[in-house]
Amino acid sequence: MTPRAALLAFGALALIAARPPMRVQPNPSAVIAAEIGFNRLAQARGQWTAYRETAAKDAVLFVPQRVVARDWLKGRADPPQAARWSPATVYVACDGRIAASSGTMQRPDGSAGYVTTIWRLDEKGAWRWIMRHEGQGATPAAVPDQLTGKVATCKRPDGTPPPAGAAPPADESLLWSAQADPDGGRRVTVRMWTGEAYDTVIDDRVKAGAV
């Protein structure tokens with residue numbers, strides 16, 4: 001390559017690097033598909049195998065204490081039978097890169113519960129979960145008869161601050177927080193921007209000693 005060609009190539013790469021990320025259209029159906037695929041993978045390959053293969057590197061779990069999923073799952077044998085779960089409602093940020101899924105689950109021992117998953121779109125366009133929370137004994141939100149997808153309103157430019165303690169995505173239209181006590185009590189909340197305020201759309205509360 002000549003010096004001139006190398007300079008042109010370098011300039012082209014610089015222009016590409018300077019461009020803002022491509023806009024992603026919010027797509028609740030894609031998140032629903034990811035959640036359903038996650039469950040199917042668990043039935044076919046094993047529960048913890050499915051968790052490992054779909055988790056982001058920084059994902060967290062509650063067991064019931066909050067743990068780094070990658071560390072907790074490393075080398076863990078799959079249970080003989082995986083739990084089954086199904087999404088009910090999916091909430092997607094305005095920029096299409098963060099989503100929250102709320103649904104029901106059935107454990108191998110026959111007990112029922114609910115599950116909340118926070119999903120993030122990675123640089124390759126794949127949905128990876130970054131937070132997974134299960135609850136039993138607390139009252140979950142009513143599950144609709146059909147799957148529902150909702151998209152947050154784009155954040156207003158007036159600088160309205162996000163709720164304290166929330167983990168802000170890039171556009172701050174969908175915020176989540178996860179808190180855990182040493183005794184196993186925990187709370188997971190998801191708030192969605194409506195154009196005027198943040199509505200709490202998921203509020204999972206589990207008392208100490210519950211599973």
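**Ser-86 in strand β3.** Buried denotes under 20% relative accessible area, exposed over 50%, and partly exposed the range in between (1.4 Å probe, protein chains only). The structure is a predicted model, in which local features need pLDDT of at least 70 and side-chain atom pairs count only at pLDDT 80 or more, while totals for chains, interfaces and linings use all residues. Residues are numbered from 1 along each chain as its sequence is written, and side-chain values use heavy atoms, with hydrogens and water left out. Ser-86 is located in strand β3; helices (H or I, at least four residues) and strands (E, at least two) are DSSP runs, numbered from the N terminus. Because its relative accessible area is 37%, Ser-86 is classed as partly exposed. Leaving aside residues up to four places away in sequence, Ser-86 touches Gly-103 and Thr-104, contact meaning heavy atoms within 4.5 Å. Between the C-alpha atoms of Ser-86 and Phe-38, which lie 48 residues apart along the chain, the separation is 9.6 Å.

**The mixed sheet and the helices packed on it.** An open sheet of seven strands has the order β2-β1-β6-β5-β4-β3-β7, with mixed pairing. At its edges lie β2 (66–68) and β7 (148–151), each paired on one side only. The average turn between neighbouring strands of this sheet is 20°, direction ignored. Two strands pair if DSSP finds at least two bridges between them; β3 (residues 84–92) and β4 are joined by eight, in the antiparallel sense. Within β4, Gln-106 stands opposite Arg-84. Helix α2 lies across β3, β4, β5, β6 and β7 and runs at about 160° to β3. Helix α3 (residues 47–54) also packs on the sheet, where α3 touches β1, β3 and β6 and makes about 135° with the direction of β6. Axes are lines fitted to C-alpha atoms, for helices over the stretch in contact, and angles run from 0 to 180 degrees between N-to-C directions.

**Salt bridge between Glu-35 and Arg-132.** A salt bridge places a side-chain nitrogen of Lys or Arg within 4 Å of a carboxyl oxygen of Asp or Glu, and the model has seven by this rule. In one of them, the side chains of Glu-35 and Arg-132 meet at 3.0 Å, N to O. Glu-35 belongs to helix α2 (residues 28–45) and Arg-132 to strand β6 (residues 127–135), so distant parts of the chain, 97 residues apart, are linked. Glu-35 and Arg-132 are both buried.

**Salt bridge between Asp-58 and Arg-120.** The closest N and O atoms of Asp-58 and Arg-120 are 2.8 Å apart. This pair links strand β1 (residues 55–62), which holds Asp-58, to strand β5 (residues 112–121), which holds Arg-120, across 62 residues. Asp-58 is partly exposed because its relative accessibility is 44%; Arg-120, at 30%, is likewise partly exposed.

**Salt bridge between Arg-107 and Glu-134, with a further network.** Arg-107 and Glu-134 form a salt bridge through their side chains at 3.6 Å, N to O. Because Arg-107 lies in the loop between β4 (98–106) and β5 and Glu-134 in strand β6, the pair ties together parts 27 residues apart in sequence. With a relative accessible area of 18%, Arg-107 counts as buried. Elsewhere, Arg-187, Asp-203 and Arg-205 are joined into one network by salt bridges that share partners.
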